[in-house]
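Here are a few exercises to work through with the model open beside you. Try each task before you read its solution.

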Amino acid sequence: MEMHQIRYFLAVTRTLNFTRAADECNVTQPSLTRAMKQLEAELGGDLFRRERPAAQLTELGQRMQPLLKQCYEAAVGARSLASSFKGGKVGTLRIAIADAVDLSLLIPHLEQLKRLFNALEFKLLRGNSKQIGEYLKKGEAELGIAVEMDKDWDRLDSWPLFTESFLLVVNERHPLAAQGSVGFDDLKKQQLLSRGYCEYAERLSATLRACDIDADSSHDISSEHDLIKLLEADIGIAIIPCSASMPDKLRRAPIEGLDIRRTVQLFGVAGRERTAVASAVMKMLRSADWQPFTSPAMAPAREARPALSIVAA
Amino acid sequence: MAEKTFAELLEESTENSRMMDAPLSVRLKAVADEVNRLSPEFAGVVGRMVARLEANSVGQSAPQVGEQMPDFILPDEKGTLVRLENLLEQGPVVVSFHRGHWCPYCRLNADGLARIAPDVKRLGAQIVAISPETHHYGAELKSYAKAPFPILADVDNGYALELNLLFWVGDEKREAMQAGGFDIAPYQGNETWMLPIPATFIVGRDGLVKARYIDPDYRHRMELEAILATLGPLSAETVGRSISFGAGNGDRSQHEYRRRSTGS
C-alpha cells in the first residue's frame with residue numbers, strides 16, 4: 001500500500017464523493033480513481049460502490065476504513081515527529097492522568113523524550129476519571145491515562161496498557177509485614193486506609209464487607225501522597241494496585257483470594273490532529289513492556305525491594 | 001501429549017535450519033520446504049497472498065537507491081528512543097524490516113544479521129531491525145537471535161507505511177495463520193493484521209539509500225554477503241575519504257538486489 005492511496009481513500013470515506021475527495025487531496029479525479037483501483041487490486045476487493053458522483057463504501061471498504069486510518073495516523077505521526085525534531089520544536093505534551101494512576105508509569109518515557117528534545121514542554125493534569133474525560137473533550141489534554149471512562153462520548157479512542165491486581169501494603173514495622181502470606185482474616189481489626197480517589201475503592205470495600213471485614217470504619221484518604229504519609233507513619237494499612245510505587249520502608253504482599261483487577265488504559269480523541277509529541281508518547285506507551293505489573297502475584301521489581309514473603313522466609 | 005500446532009512444528013525445523021552451515025537463502029529455503037511438506041494447504045495460502053502482492057508490485061515504490069531515506073525516531077525493545085540521523089553520524093546503517101518474533105524467516109534473518117554484526121561493526125556500520133511488535137516481543141526476537149543490535153518498535157506500522165512497505169494480510173491468510181498458531185494481533189497491540197514487507201536498506205552517512213532489497217515474498221531476504229559487499233566500499237567513506245557524487249555514483253541497478261534463483 002502506498003501512503004497517498006490511503007490518504008485518498010480516507011478522503012473519499014469522509015466526503016463519500018470522488019470529485020470532492022480529489023479536490024481535497026489536490027489531485028485530478030482520474031488519478032484519484034486510478035489510485036483507488038490500485039488499492040482495491042492489492043486488497044483483493046472493491047472498496048466502493050460507484051454510484052456517481054456519490055461513493056458508497058462496500059463491506060470491505062467499511063472494514064478497512066478504521067484499519068487504514070490507524071496506520072495512516074501512525075505514519076503521519078512518525079513523519080511529523082522526525083520533522084519537528086529538525087525544527088527543534090516538538091510541541092507541548094498535554095496529558096491528563098487519573099489520581100489513582102502513578103506518575104512513575106510515564107517517567108521513563110518523559111526521560112526518553114527529554115533526551116532527544118531539550119525544548120520539551122509539558123502540561124500535566126490530574127483528576128478523577130470524569131475530569132480526565134472532560135480535559136480530553138475540551139482539548140485541554142491530548143492524551144489521558146485512566147482506568148475507566150464513561151463511554152458516553154463516542155470520540156474517545158482507548159488502548160488498554162495492562163491489567164494488574166491489587167496488593168496489601170503495610171509499614172515494615174507492622175505485624176503483618178513479617179507474615180508469610182496474608183488472607184482476608186488477617187485484615188480484620190485492621191485500620192484500613194481507603195483510597196477514595198480510586199475507581200475501585202467501592203468494589204474493594206464490597207469484597208471486604210462480604211468477607212466480614214469492617215471496611216466502613218476505615219479512614220477515607222483523598223490523595224496518594226497523603227496515603228503514603230499515613231502508611232509511613234504506620235497509621236493504617238492499604239490495598240493498592242501493583243503499579244503504585246511505594247517508598248522502601250513499606251512492604252507489600254498479595255492477599256489470598258482477592259481477585260480484583262483493573263486495566264490501565266490510554267485515551268485519545270479520535271479525529272483530532274495530534275501533536276508530534278503526543279503521537280510519540282502514545283506509541284511509546286503502547287509498545288512499552290508492562291509485564292512487571294501484570295504478574296498476578298507480585299509487586300513490580302523496579303527497586304530491589306524484598307517482597308513480604310521473602311522477608312518472612 | 002497435546003497435538004502440536006503448526007507454529008510449534010515449524011519451530012523445530014527453524015532450529016534445524018539455524019544450525020545449518022549454509023547461506024541465509026538456503027537456510028530460509030529449508031524452512032519454506034518444510035512448510036510445503038507439513039502443510040501444502042498453508043503453503044497454497046502463502047502462495048496466493050504472495051502472488052497478490054507481487055501482481056501489485058507492493059513495496060516497489062519504497063525509497064530507491066540514491067534517494068533520501070526518511071528519518072525515524074523509534075523506541076528500541078527497552079524503550080530507548082533511537083533516531084536514524086543520530087546513527088548516521090557514526091556511519092552507514094543497515095535498516096532491516098522484520099515481521100515479528102513469531103515468523104521463522106525473520107528469526108533466521110535476525111540470527112543471520114547477528115552473525116555478521118561483528119563484521120558490520122568492523123566496517124564502521126550499524127544494524128537496526130524494525131518490527132511492528134511491542135517491546136516484550138521485540139526483546140524475544142532479540143534474545144532468540146542473540147542480536148547485539150536494537151529491535152525498534154514501529155507500532156501501527158507508521159514508518160513502514162511512510163516507506164510504502166505496508167500490506168494487509170487478508171482474510172484467507174489471517175485465518176490460516178490463526179489456525180496455525182500465529183495470532184499476531186496481541187504481539188502488535190492492534191487488530192489491523194498489517195505487516196511490513198521485510199525489506200533491507202543500506203543507508204550511507206549522507207542519508208541516501210546505497211542498496212535495497214525488497215521482495216513481497218517474505219521467504220526471501222537480503223543475502224548477508226550482499227550486505228557486507230555493499231558496506232565494504234562505504235566503510236572507506238566512514239573513515240573519512242572524500243567522495244564525489246554524480247558521475248562516480250555508479251550504476252544504480254547494481255545495488256537493486258534481487259532474490260537468488262533458488263526458487264520458492
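**Exercise 1. Set aside the neighbours within four places in sequence, and list the residues in contact with A:Glu164.**

Solution. This is a predicted model, so please treat each step as a reading of predicted coordinates.

Step 1: With those sequence neighbours left out, the contacts of A:Glu164 are A:Pro241, A:Cys242, A:Ser243, A:Ile260, A:Arg261, A:Arg262, A:Val264 and A:Phe293.

Step 2: Next, place the residue in its element: A:Glu164 belongs to strand S6 of chain A, residues 156-171.

Step 3: Now look for polar partners. The side chains of A:Glu164 and A:Arg262 are joined by a polar contact of 2.7 Å. In addition, a polar atom of the A:Glu164 side chain lies 3.4 Å from the backbone nitrogen of A:Cys242.

**Exercise 2. Decide whether A:Glu164 is buried or exposed.**

Solution. Step 1: The relative accessibility of A:Glu164 is 0%.

Step 2: Buried means under 20%, so A:Glu164 counts as buried.

**Exercise 3. Work out how helices H1 and H3 of chain A are oriented to each other, and which residues make their contact.**

Solution. Step 1: Find H1(A) at residues 3-15 and H3(A) at residues 29-43; their axes come within 9 Å and cross at roughly 105°.

Step 2: Angles from 65 to 115 degrees count as roughly perpendicular, so H1(A) is roughly perpendicular to H3(A).

Step 3: H1(A) contributes A:His4, A:Gln5, A:Tyr8, A:Phe9 and A:Val12, while H3(A) contributes A:Ser31, A:Leu32, A:Ala35, A:Met36, A:Gln38 and A:Leu39.

Step 4: Sorted by type, the residues of this contact are 7 nonpolar, 4 polar and no charged.

**Exercise 4. Repeat the analysis for H2(A) and H3(A).**

Solution. Step 1: H2(A) covers residues 18-25, and its axis is 9 Å from that of H3(A), with a packing angle of about 100°.

Step 2: The two helices are therefore roughly perpendicular to each other.

Step 3: On the H2(A) side the contact uses A:Phe18, A:Thr19, A:Ala21 and A:Ala22; on the H3(A) side it uses A:Gln29, A:Leu32, A:Thr33 and A:Met36.

Step 4: Here the division is 5 nonpolar, 3 polar and no charged.

**Exercise 5. Find which stretch of chain B has a pLDDT below 50.**

Solution. Step 1: Begin with the whole chain: chain B averages a pLDDT of 90, and 90% of its residues score at least 70.

Step 2: The stretch is residues 239-251 of chain B, which has 4 contacts beyond near neighbours in sequence.

Step 3: Where pLDDT is low, predicted coordinates should not be read in detail.

Step 4: For the complex, the predictor gives an ipTM of 0.89 and a pTM of 0.88.

Note on methods: Residues numbered from 1 in each chain as written. Chains lettered and ligands numbered in written order. Predicted model: local features only at pLDDT ≥ 70, side-chain atom pairs only at ≥ 80, totals over all residues. Heavy atoms only, no water. pLDDT = per-residue confidence, 0-100. Contact = heavy atoms within 4.5 Å. Axes fitted to C-alpha atoms, helices over the stretch in contact; angles between N-to-C directions. Helix = DSSP H or I, 4+ residues; strand = E, 2+ residues; numbered from the N terminus. Parallel < 35°, antiparallel > 145°, perpendicular 65-115°, else oblique. Nonpolar A, V, L, I, M, F, W, Y, C, P; charged D, E, K, R; others polar. Buried < 20%, exposed > 50% of the residue type's maximum accessible area, 1.4 Å probe, protein only. Polar contact = N/O pair within 3.5 Å; in protein donor to acceptor, adjacent residues only side chain to side chain.
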